[in-house]
Amino acid sequence: MESAIQVFELGPENQPQLLKKFKTFQWQYLTVYLTVMGADWIQGPYLYKLYNSYELELTQIAMLFLTGFVSGAFAGTAVGSLADSWGRKRICIVFCCTMLVAISIRLINNYALLFLSHILSGLSTALMYSVFESWYVSEHTSRGFPAEWRARTFALATLLNSVVAILAGLLANSLVDIWGFRAPYIASMVLICFVASMVVTTWTENYGTEEATDVDLIKTLKSGLSTMIQSKNIIVIGIAQTFFECSMYIFVLLYIPAIENATNDGNLPFGYLFSTMMVAVMVGSMTFQLFEKQAKTGLRFFMECKEDKLLTMALGLASCAFMAMAYHGNSSTTILLMAYHLFEFTTGLYYPAISSLKAEEIPEETRAAVMTLLRIPMNLSVGLIMWHVEDMSTAMMFSICGIMTSVGCFLVIAFYGN
């Protein structure tokens with residue numbers, strides 16, 4: 001791990017003070033970001049099993065997921081868009097509060113309350129994937145650090161996020177063995193409390209504009225939408241994000257029941273499986289890191305493989321993985337597991353690539369608004385598929401994911417930057 005992090009030693013030799021300040025700032029952000037992601041990851045391996053312990057069927061679980069995605073599309077967009085004018089630090093604190101309430105309610109075996117939990121978690125998830133990153137990009141720029149250093153921060157974040165996810169899977173497995181399915185969620189609440197304290201004490205406030213007193217949701221959303229319409233590259237990025245992340249969330253819902261059906265075993269160590277898949281994410285992140293490093297050596301192949309090309313690679317490989325799940329998942333557990341890990345490898349490529357492209361293309365004054373607006377199609381698409389989960393087989397849904405990622409791959413090749 002130490003050698004991997006050393007790759008991110010940035011900046012020219014004649015700027016040691018700037019580099020020192022950047023590393024301090026980078027870890028100030030990464031400490032919060034990685035803890036946020038750890039709090040999210042530790043819930044993942046056993047959410048399906050927790051709901052099974054509540055005697056919920058797959059269709060009932062899918063309806064809860066649907067509620068979360070619809071909430072993210074509307075409530076998340078409304079609150080997230082206000083971050084540009086109300087303050088990104090404040091919205092990060094709102095995230096912590098809503099997540100704590102959502103997890104607390106999730107520990108109660110009441111289906112109506114679980115809907116409320118997913119409304120709140122849908123809101124907080126939309127904030128998690130937009131406002132924290134918006135805060136970082138704004139601070140990075142305002143502190144005078146070179147723009148090219150952002151890509152390396154995103155790659156390091158994805159790499160370390162994979163390590164955090166591996167540890168979270170192992171910890172979740174141990175907590176469940178000792179205290180049951182609710183234990184990982186209590187641990188998540190502790191981590192969220194730590195995040196709130198770090199944001200309050202170590203982060204400064206930033207805004208999309210100098211004027212932070214005029215909080216007008218409609219005006220903010222119109223400004224963000226106008227920015228999107230005027231940029232073909234932002235639209236292409238948004239479509240690619242929609243197709244990839246829609247497929248990813250469907251995968252999150254289906255991968256446990258799919259492997260249970262393939263093995264006829266309902267007592268698999270899902271925490272350990274989750275951890276091995278996160279190793280694949282880490283390998284994907286390190287691959288992105290390798291391309292970034294080798295591009296500086298002047299080798300033509302690596303110089304041409306910029307972030308948009310790596311995004312194309314991620315989408316193309318993801319399509320192959322989903323087609324393998326669709327057509328061979330029931331006949332071969334080995335192929336199914338290989339496809340799982342290939343897809344997770346592509347997520348390690350996808351996140352630093354898409355984050356770098358968004359940081360480059362989205363203007364600062366409407367950053368949070370645009371990033372939350374970009375999540376609306378994804379949330380609604382997942383919700384639409386969840387609504388029909390009872391009408392489609394697992395293979396059919398994996399096939400849809402394969403088609404979406406292949407179309408996203410084609411669109412990036414054909415239209416981004418052209």
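**Close-up views of an all-helix model**

The protein chain folds into 19 helices and 0 strands; helices (H or I, at least four residues) and strands (E, at least two) are DSSP runs, numbered from the N terminus. This is a predicted model, in which local features need pLDDT of at least 70 and side-chain atom pairs count only at pLDDT 80 or more, while totals for chains, interfaces and linings use all residues. Residues are numbered from 1 along each chain as its sequence is written, and side-chain values use heavy atoms, with hydrogens and water left out.

**View 1. The largest nonpolar core around Tyr-340.** A nonpolar core is a set of buried Ala, Val, Leu, Ile, Met, Phe, Trp, Tyr and Cys residues joined through side-chain atoms within 4.5 Å. Here, buried means under 20% relative accessible area, exposed over 50%, and partly exposed in between (1.4 Å probe, protein chains only). The largest core has 126 residues, and those touching the most other members are Tyr-51, Phe-95, Phe-251, Leu-311, Met-325, Tyr-340 and Phe-343. Helix α12 (residues 232-263) gives this core its largest share, 16 residues. Beyond its neighbours within four places in sequence, Tyr-340 has contacts (heavy atoms within 4.5 Å) with Phe-251, Leu-254, Tyr-255, Ala-258, Ile-259, Met-277 and Met-325. A second, separate core holds 7 residues, including Ile-362, Val-370, Met-371 and Leu-374.

**View 2. Helix α6 and its contacts with Ser-124.** With 19 residues, α6 reaches 27 Å from its first C-alpha to its last, close to the expected 27 Å; the expected span is 1.5 Å times one less than the number of residues. Among the buried residues of α6 are Phe-95, Thr-98 and Met-99. Ser-124, in helix α7, touches these three, not counting residues up to four places away in sequence. Ser-124 counts as buried because its relative accessible area is 0%.

**View 3. Salt bridges, one of them between Glu-260 and Lys-49.** The structure holds 4 salt bridges, each a side-chain nitrogen of Lys or Arg within 4 Å of a carboxyl oxygen of Asp or Glu. Glu-260 and Lys-49 meet at 3.4 Å, N to O. This pair joins helix α12 to helix α3, across 211 residues. Both partners are buried, Glu-260 at 13% relative accessibility and Lys-49 at 14%. Another bridge pairs Glu-205 with Arg-90, whose closest N and O atoms are 3.8 Å apart. Glu-205 sits in the loop between α10 (183-202) and α11 (217-229) and Arg-90 in helix α6, so this bridge ties together parts 115 residues apart in sequence.

**View 4. Leu-310 in helix α15.** Helix α15 spans residues 307-328 and includes Leu-310, which is buried at 0% relative accessibility. The C-alpha atoms of Leu-310 and Leu-349 are separated by 6.7 Å, although the two residues are 39 apart along the chain. Leaving aside neighbours within four places, Leu-310 is in contact with Phe-288, Phe-291, Cys-305 and Ala-353.

**View 5. The loop residue Glu-55 and its positive phi.** Glu-55 lies in the loop between α3 (47-53) and α4 (58-81). Its phi is near 65°, a positive value in a residue other than glycine. Most residues other than glycine have a negative phi. With a relative accessible area of 68%, Glu-55 is exposed.
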